[in-house]
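This briefing covers model confidence, one pair of helices and one pocket. The structure comes first.

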Amino acid sequence: MATTTNKPMGKTELIAAIGELIGNREMAADAVAALVGVITQQAAAGREVRITGLLSIKPHLLPARTFRNPKTGDEVQREARWSVKVKVGSELETAAASRKP
């Protein structure tokens, strides 16, 4: 399953890889869809999702601010809005760091 390309793994490739591991591509597709759905639902509800060792996903309020349009120089007001912060877990960090440059 190891790959030597620097091309990002997309959802379809992820489903195929999981399907290969568990022997059922349809179940893998359902599992990935469920995971995406639950994480999205929880983020929309303002709840942090932690997958120990892998990552944590936390809604984060960005405050209102004023900035300048670089093209026109006009001041622009941006309302407060919600965003998401993603923090890498220790197992993922270790796996990425183990790769030789």
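In which crossing, left-handed or right-handed, does H1 pass H2? H1 passes H2 in a right-handed crossing (the near helix is turned clockwise from the far one, by less than a right angle; anticlockwise would be left-handed). Helices (H or I, at least four residues) and strands (E, at least two) are DSSP runs numbered from the N terminus.

This is a predicted model, in which local features need pLDDT of at least 70 and side-chain atom pairs count only at pLDDT 80 or more, while totals for chains, interfaces and linings use all residues. Residues are numbered from 1 along each chain as its sequence is written, and side-chain values use heavy atoms, with hydrogens and water left out.

**Confidence**
- The average pLDDT (the predictor's confidence in each residue, from 0 to 100) of the protein is 93, and 95% of the residues score at least 70.
- Strand S1 (residues 49-51) has the highest confidence, at 97, and helix H3 (residues 90-97) the lowest, at a mean of 93.

**Helix packing**
- The axes of H1 and H2 lie 8 Å apart, and the two pack at an angle of about 130° (axes are lines fitted to C-alpha atoms over the stretch in contact, and angles run from 0 to 180 degrees between N-to-C directions).
- H1 is therefore oblique to H2 (neither under 35 degrees, over 145, nor 65 to 115).

**Largest pocket**
- Residues lining the largest pocket include Lys 11, Ile 18, Val 36 and Leu 55.
- Helix H1 (11-22) and helix H2 (25-44) are the elements that give two or more residues to this lining.
- H2 gives the most, with four residues.

Note on methods: 1 Å grid on protein atoms, 1.4 Å probe; cavity = no way out; pocket = protein on both sides within 12 Å on 5 of 7 lines; lining within 4 Å.
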